[in-house]
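Please open the model in your viewer and keep the sequence panel beside it. The tour below moves from one selection to the next and says what can be found at each stop.

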Amino acid sequence: MITRKSVNTMSDAEKATFVHALLELKSRGEYDKFVHWHHHVMIPTILPYEPRDANFRNGAHRGPAFLPWHREFLMQLEQELRTIEPTTFIPFWDWTADAKLPDPASAPIWADNFMGGNGIESDEWRVQTGQFAHKAGKWPVPPLPDDDLPGPGLKRQFGRILPSLPTEEDLKLASAEFFYDTPNYDRSPFTIGFRNRLEGWVTQRGDSRVKTPGSQLHNRVHLWVGGNMEPMTSPNDPVFFMHHCFVDKVWADWQAVQLAENPDAAPHYAPERDGPPSHNLGDQLKPWTRKVQDVISVTKLGYEYEAGPSGPMLMSVTKDAIRRRVRNPFWAD
Ligand SMILES: [Cu+2]
């Protein structure tokens with residue numbers, strides 16, 4: 001069983017091992033296929049009455065398969081990293097913890113011994129510190145599709161597009177959702193469900209309880225980091241995987257709560273069938289072989305999440321609720 005830890009509880013040795021595995025994978029020419037997989041999954045998977053537009057929905061985003069596709073994607077990377085460093089794992093970046101810091105740029109994830117820090121404007125927003133910095137010469141990244149920033153190298157622009165990371169309070173709006181996803185299984189701000197919330201499409205337009213304008217949760221983190229995290233080639237920034245690892249942990253926590261509270265509604269995924277192609281429970285997670293239904297249980301897949309600060313907090317609230325329900329069958333929250 002692989003235990004994925006928080007970036008904030010990893011030892012320096014574990015960080016060094018993880019960084020080494022990434023750099024080695026890159027030098028072997030095996031990392032860039034992850035960027036291409038993410039980029040090329042832009043296959044439109046639309047229902048007959050929907051617009052013929054790849055941006056409407058694709059096999060990995062803006063629909064129910066967002067979470068299972070990225071779960072498989074993370075496992076594919078982790079498996080390859082472990083052929084280089086057999087004890088390594090993908091750590092999760094709890095951005096709600098960093099949102100509490102006076103300066104999230106000072107968080108451990110951006111330290112010199114890990115992901116390196118923000119970019120600087122005088123150098124086309126290239127990252128200056130750590131092993132992934134352009135000048136360290138170990139992490140080649142092609143130019144962004146941006147005429148104003150024509151040069152290569154890893155780039156970040158913390159807080160420039162959106163000024164803040166999502167908070168614990170923001171995340172609770174997603175964790176409190178009962179349905180995994182609902183028709184039309186899209187990215188409308190009005191589409192109800194855990195997946196659409198966590199992906200970040202339910203904005204103030206769709207729900208007045210949302211505190212900050214603009215993109216939420218998963219999407220907001222891509223935009224807050226900026227630079228290479230903006231386009232569909234976002235795995236060019238290795239922080240992509242730590243971000244998505246936390247998204248996957250939030251899903252795993254939600255699944256555990258749902259299984260405890262509403263076991264009859266398992267597998268807690270929708271649609272089971274007749275939804276957009278590539279997004280149904282029995283559909284294949286392209287370009288790999290596993291199907292959505294094969295990646296529902298993290299335990300069956302052979303990994304678990306270390307109980308980070310957000311885990312027990314979410315669970316303890318819910319455990320109380322479960323206890324109340326078990327004791328009193330007529331209880332309603
Ligand atoms: Cu993402």
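The stops run from the whole chain to a helix, then to the core, and finally to the metal site.

**The whole chain.** Begin with everything displayed, bearing in mind that this is a predicted model. Colouring by secondary structure brings out 10 helices and 4 strands, which follow one another along the sequence in the pattern β-α-α-α-α-β-β-α-α-α-α-α-β-α. The chain has 333 residues, of which 54% count as buried, and about 14500 Å² of surface is exposed, with carbon and sulfur atoms supplying 54% of that area. If you look at contacts between residues at least 6 apart in sequence, 65% of them join residues at least 24 apart.

**Helix α1.** Next select residues 12-27, which form helix α1, with Asp 12 among them. Asp 12 is exposed, because its relative accessibility is 55% and the cut-off for that class is over 50%. Measuring from C-alpha to C-alpha, you should find Asp 12 at 8.9 Å from Phe 114, although the two are 102 residues apart in sequence. The end C-alpha atoms of α1 lie 22 Å apart, in agreement with the 22 Å that its 16 residues should span at 1.5 Å a residue. The buried residues of this helix include Phe 18, Val 19, Leu 22 and Leu 23, but also Glu 14 and Lys 15, and the cover over its buried residues includes α2 (32-40), α3 (66-84) and α8. After α1 comes Gly 29, whose phi is positive, near 75°.

**The nonpolar core.** Now select Trp 93, Ile 109, Trp 110 and Met 115, which touch the most other members of the largest nonpolar core, a set of 73 residues. Helix α8 contributes the largest share of this core, 11 residues. With residues up to four places away in sequence left aside, Ile 109 touches Val 7, Trp 93, Asp 98, Phe 114, Met 115, Gly 116, Val 239 and Met 242.

**The copper site.** Finally, select the copper ion together with His 218, His 222 and His 244, each of which coordinates it through NE2, at 1.9 to 2.1 Å. Along the chain, these donors follow the spacing H-x3-H-x21-H. His 222 sits in helix α7 (residues 217-225) and His 244 in helix α8 (residues 239-261), so this pair, 22 residues apart, links distant parts of the chain. Are His 222 and His 244 buried or exposed? His 222 counts as buried at 9% relative accessibility, and His 244 is buried too, with a relative accessible area of 2%.

Note on methods
Residues are numbered from 1 along each chain as its sequence is written. This is a predicted model: local features need pLDDT of at least 70, side-chain atom pairs count only at pLDDT 80 or more; totals for chains, interfaces and linings use all residues. Side-chain values use heavy atoms; hydrogens and water are left out. Donors are N, O and S atoms within 2.8 Å of the metal (3.2 Å for Na, K and Ca); water is not among the atoms, so sites may look incomplete. Helices (H or I, at least four residues) and strands (E, at least two) are DSSP runs, numbered from the N terminus. Buried means under 20% relative accessible area, exposed over 50%, partly exposed in between (1.4 Å probe, protein chains only). A nonpolar core is a set of buried Ala, Val, Leu, Ile, Met, Phe, Trp, Tyr and Cys residues joined through side-chain atoms within 4.5 Å. Contact means heavy atoms within 4.5 Å. The expected span of a helix is 1.5 Å times one less than its number of residues. Accessible areas come from the Shrake-Rupley method with a 1.4 Å probe; for residues, only the protein chains shown count as cover.
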